[in-house]
Amino acid sequence: MRVEVSNLRKEFGRTVAVDGVSFSFSSGEVIGFVGPNGAGKTTTMRILATLDEPTSGDAVVDGVSLVQDPEEARTLIGFVPDALPTHHDITVHEYLDFFARAYRIPFARRVRVIERIEEFTNLTGIRQKNLKSLSKGMNQRVCLARALLHDPKVLILDEPAAGLDPRARIELRELIRVFSAQGKAILMSSHILTELSEICTGAVIIERGRVLKAGNLDDLLVTDSEVRTIVIRPLGGLDALHRSLLELPGTRGVRAGDDELTVQYAGSDAEASDLLAELVRRGHRIAEFHQQRANLEQLFMNVTTGGVQ
Amino acid sequence: MTLREWRERINDAINPIVVKELRQAVRGRFVVTVLVLSLVSQMIIVIGAMIGQRLESMSVERTAVGAGLFMTIFSVLFFGSIMLVPMYSGFRMMSERSDSNVDLLFITTIRPRNVVAGKILSAAVITALIFSASVPFLVFSYVLRGIDFISIAIVTLAGYFFIVSQSVLALFVGALPASRPFKLLLGIGLFAISITTSVAMSAFAAQFIRFGVTAPGARGMTGGLAAVVALALIADLLLAFLTTALISPPSANRALPIRLFLTIMWLVSLGIAIWAVIDNASVGALLVWAVGELAIISLVLFSAIGEREEWGPRIARTIPRDPLRRFGAFLLFSGGGGTIWALLMMAATIATFGSIAYLGGPADSLNVPRYLMWLLEGALCIAGYAGTALLLRRTILTRRVPARATWAIVLVLFVLLAILPPLAAFALEDDSQGFGIFIRIATIPNPFPMTSPEAGPWIPKTIALCVWAALAIVVNVEWARTLFARFRRPNGETPAMEGIVPELSAEG
């Protein structure tokens, strides 16, 4: 199952909110959709959720066009918006029951499905509570539960972790891992890039309505760094090791920590291996030698300028 | 089938919107407050009436007490409901369809027609809830005499359907793809009209109660009531179809149900008009039918000239291959083919009116030839405006005006040709001796009749309009032909996007 977004464009009057966005992802992948405020993330996600129509371009979910067959595509997509439900005078259970009916889940299955999802998203205890009386975290869970009712193949989550307490964030992360393991394709926007790095398999970075970078997370992070960062923890002799490193070719800089050194090293994997061998040959006792992965935050700061539409 | 299976089947058949909206309505403070206030005021009215009746001497006209009480309670109930239900329905629809926050309901698999049906049904049930709570008070007026059960039932039902009708209108306004302030302004305007109509409705109810259902002359009133109910029902159905089209995706065949409905209603209303012609021995009803149909078809025409000129895979795959059926689909499906549908329907309306009025119609005081000429001139004028606007949009305004705004060109042309010249001519020419030549020339592009039927036709105007309409049609024939040639089912499958989009690669 694949989601293919092709040349998506959305204009609001003279403002081009999304300008020729293209990317794709498949089952089991968790894609981080990142960009500064006003970059066009929410607009793109709303189009993918069929809430808005693109000015041009299209997206195809499992062979179904969002523009031509939005009704069919809706059976495949679950959407959690950044704005929480505003329904008055309705309980959590009634809200889920309404959406289950709207998704035409037959009565016999509906009762079971709602119970299971309430349990899965930890809503059983608050099912009779009024939606308006819920905290943001609880509302977020209700939103997620609603998006899961029809067992969609694709989940589009717009800022699902915003405003959640640490416990709720960890729970959400675990849930997303479960969905990914279930084979759902997940597109998720967030400003908390460190968290995204932990669960995402890929990323799409967008700014001013255009995609700046998109790809598998490992590829993105590795290919973007010309100079690798190596962390070395010796068993004593930190200063001597520091001096040795500065003498060796490829070293661009060394930063000393309490018991370790962080080295900016320009060289291939083989050259990095030679570096380790040379250090051992010089009598340094190395307890730890590893390459520090560039993170999404660094990548984001490198490729974006902070501009908005 | 077991009882449980029946229960499940019924449960599944219930519209989800009805379930949700009723749950919210009975819990909501707004509905409950209005309901309680309405009941309290009705109770006060009844108690007041009872005390008043007790204090009055027997010489006072006792028979009037029941009717008066009924009208007072009915007015409270009616105006209370008209303030509550349509407003509640319209506001909900408006907030759910707001540009910035379309309700997630619209991304479920529920069909647009079920959404509209559910909302109308919810309004109907909430109205029924409010009315049913007041029924004991309404029926109590019967005990005080001066009113019969049938009158109570007819007036109450008329009021009930009026409120449901207003709710359908409010839903339509709420679903319009316009800004919130515009919708609010339109809603306020329509609400003012609604209140005025409500006063007329109350006056009608008072009249009906005064004469009673069995009184002489009640037959005519019942006939009039039936005609109003039929018209209201047709208008409501049309509004429901339009609302459904508004909330359907643009790729859907949104025009098909509307044009089908209008075609069927054209036939049904023609049947009713012919029946009225026979019953009243006058072609008046047929004239009303023709004017009404021409007005509706004109709106469709102005909308159709701005419709799509290419069909996406969703519609294209439903286009029949058989040439005759393909032409039928071309007329009825969403797209510019609606222009031809509207022109054909206009021609059919005038031809039907003319043939029935001339050949088989009864001889009455109506000046049939003059009315026929008015209709013809009006239709030619409308065709002229539509054709000219279409030509302008396709040629000199092609980059400035999007196709969907072609109606705006019609509006500008109408102001330039039909409003400004007559105003100038009236200012320049002394018309105390009747319409002078300047005024006559200036009113040529006006689709509305400007002279009395007795004045007789002005042949140069008819000729000028014939020439204008003919030219406007002829210059667009090639466009229509190209459109029809393009309107066909593709031979192969819709091309897939495979290979176009590289996996997770930036294409910005």
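The following paragraphs lead through a predicted model, beginning with a strand of chain A, turning next to cysteines, and ending where a helix of chain A meets a helix of chain B.

A place to begin is strand β6 of chain A, which spans residues 77-80. In a regular strand the side chains alternate between the two faces of the sheet. On one side of β6(A) stand A:Ile77 and A:Phe79, on the other A:Gly78 and A:Val80, and all of these residues are buried, so that both faces of the strand are covered. The neighbour of β6(A) described here is strand β7 of chain A, residues 154-158, to which four bridges join it, and the two strands run parallel. Within this pairing, A:Gly78 of β6(A) stands opposite A:Leu155 in β7(A).

Turning to the cysteines, the structure holds zero disulfides over all chains. A:Cys143 is buried, with a relative accessible area of 0%, and B:Cys381 is likewise buried, with a relative accessible area of 0%.

Finally, helix α3 of chain A, residues 92-102, meets helix α2 of chain B, residues 16-27: their axes come within 8 Å and cross at roughly 160 degrees. Because an angle over 145 degrees counts as roughly antiparallel, α3(A) is roughly antiparallel to α2(B). The crossing in which α3(A) passes α2(B) is left-handed. From α3(A), the contact is made by A:Glu94, A:Asp97, A:Phe98, A:Arg101 and A:Ala102, while α2(B) contributes B:Pro16, B:Ile17, B:Val19, B:Lys20, B:Arg23 and B:Arg27.

Definitions and conventions:
Residues numbered from 1 in each chain as written. Chains lettered and ligands numbered in written order. Predicted model: local features only at pLDDT ≥ 70, side-chain atom pairs only at ≥ 80, totals over all residues. Heavy atoms only, no water. Buried < 20%, exposed > 50% of the residue type's maximum accessible area, 1.4 Å probe, protein only. Pairing = 2+ DSSP bridges. Disulfide = S-S within 2.5 Å. Axes fitted to C-alpha atoms, helices over the stretch in contact; angles between N-to-C directions. Parallel < 35°, antiparallel > 145°, perpendicular 65-115°, else oblique. Left-handed = near helix turned anticlockwise from the far one by under 90°. Contact = heavy atoms within 4.5 Å.
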